[in-house]
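Subject: Structure handover and notes

Dear colleague,

Please find below the structure I promised to pass on to you, with my notes following it. I would be grateful if you could read the notes with the structure open beside you.

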Amino acid sequence: SPGTKIGIPLLVPIDLLAMPEKIDDLEGAFEMLRLTEELCSKLTYVGTERCKFGRFLKVALLQNVFTELLPLPVGPVAEGPPISLVDVIWAPNVCDGVHPQMT
């Protein structure tokens, strides 16, 4: 016999404050995405009787991640003169070429 069935505990710790306030490098971006996936999974599987607004919390979390925390890539045009921006997250060693899909 495999034993008794174990359900989800009544109080699943969902710590939305564990999200970082700023991303400094690619490793931090991956860690933040992993944490986002974990928090969304917890919010999905906790019942509405335990967390009434879980769906709205997931939307707010994803909105914060993709509009505030995760920066967009700078791109090869902005890395050249006169702008000369450095993309420390997505291309810390500077992009050498143009992507074949870019026109």
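Phe-53 counts as partly exposed, because its relative accessibility is 49% and the exposed class begins only over 50%. Phe-56, by contrast, has a relative accessible area of 54%, so this residue falls in the exposed class. Please keep in mind throughout that this is a predicted model, and that the values I quote are computed from it. The structure holds 1 aromatic pair, and Phe-53 and Phe-56 are the two residues that form it, with their ring centres 6.3 Å apart and 50° between the planes, an arrangement classed as tilted.

On the surface there is also a nonpolar patch, made of Leu-26, Phe-30, Leu-33, Leu-62 and Phe-66, which together have about 430 Å² of accessible area. Two helices, α1 (26-45) and α2 (54-69), each supply at least two residues of this patch, and the largest share, 3 residues, comes from α1. Leu-62 lies in helix α2, and with a relative accessible area of 35% this leucine is partly exposed; it can belong to the patch because membership asks for over 30% relative accessible area.

What lies on the buried side? The largest nonpolar core has 11 residues in all, namely Met-19, Ile-23, Ala-29, Met-32, Leu-35, Leu-39, Cys-40, Leu-61, Val-65, Leu-69 and Leu-70. The elements that give two or more residues to this core are α1 and α2, and α1 again provides the largest share, here 5 residues. Val-65 is a useful residue from which to look around: if one leaves aside its neighbours within four places in sequence, Val-65 is in contact with Met-19, Met-32, Leu-33, Thr-36 and Leu-70. Among these contacts, Met-19, Met-32 and Leu-70 are themselves members of the core, whereas Leu-33 belongs to the surface patch described above.

Turning to the charged side chains, the structure holds 4 salt bridges. Which residues are linked in a network of salt bridges? They are Glu-31, Arg-34, Glu-38 and Lys-42. Within this network, the side chains of Glu-31 and Arg-34 meet at 2.7 Å, N to O, and because these two residues are 3 residues apart in helix α1, they are separated by about one helical turn. Arg-34 also forms a salt bridge with Glu-38, where the closest N and O atoms are 2.9 Å apart; this pair, too, is separated by about one helical turn, because its members are 4 residues apart in helix α1. As for accessibility, Glu-31 is partly exposed at 43%, Arg-34 is partly exposed at 40%, and Glu-38 is likewise partly exposed at 32%.

A further salt bridge joins Asp-24 and Lys-22, with the closest N and O atoms 4.0 Å apart, and both of these residues are exposed. I would ask you to read that distance with the cut-off in mind, because a salt bridge is counted here when the nitrogen lies within 4 Å of the carboxyl oxygen.

With best wishes,
A colleague

Notes. Residues numbered from 1 in each chain as written. Predicted model: local features only at pLDDT ≥ 70, side-chain atom pairs only at ≥ 80, totals over all residues. Heavy atoms only, no water. Patch = residues over 30% accessible without salt bridge, like charges linked within 9 Å, V, L, I, M, F, W, Y side chains within 5 Å. Areas by Shrake-Rupley, 256 points an atom, 1.4 Å probe, with all protein chains shown as cover. Buried < 20%, exposed > 50% of the residue type's maximum accessible area, 1.4 Å probe, protein only. Phe/Tyr/Trp six-rings, centres within 6.5 Å; stacked < 30°, edge-to-face > 60°. Core = buried A, V, L, I, M, F, W, Y, C linked by side-chain atoms within 4.5 Å. Contact = heavy atoms within 4.5 Å.
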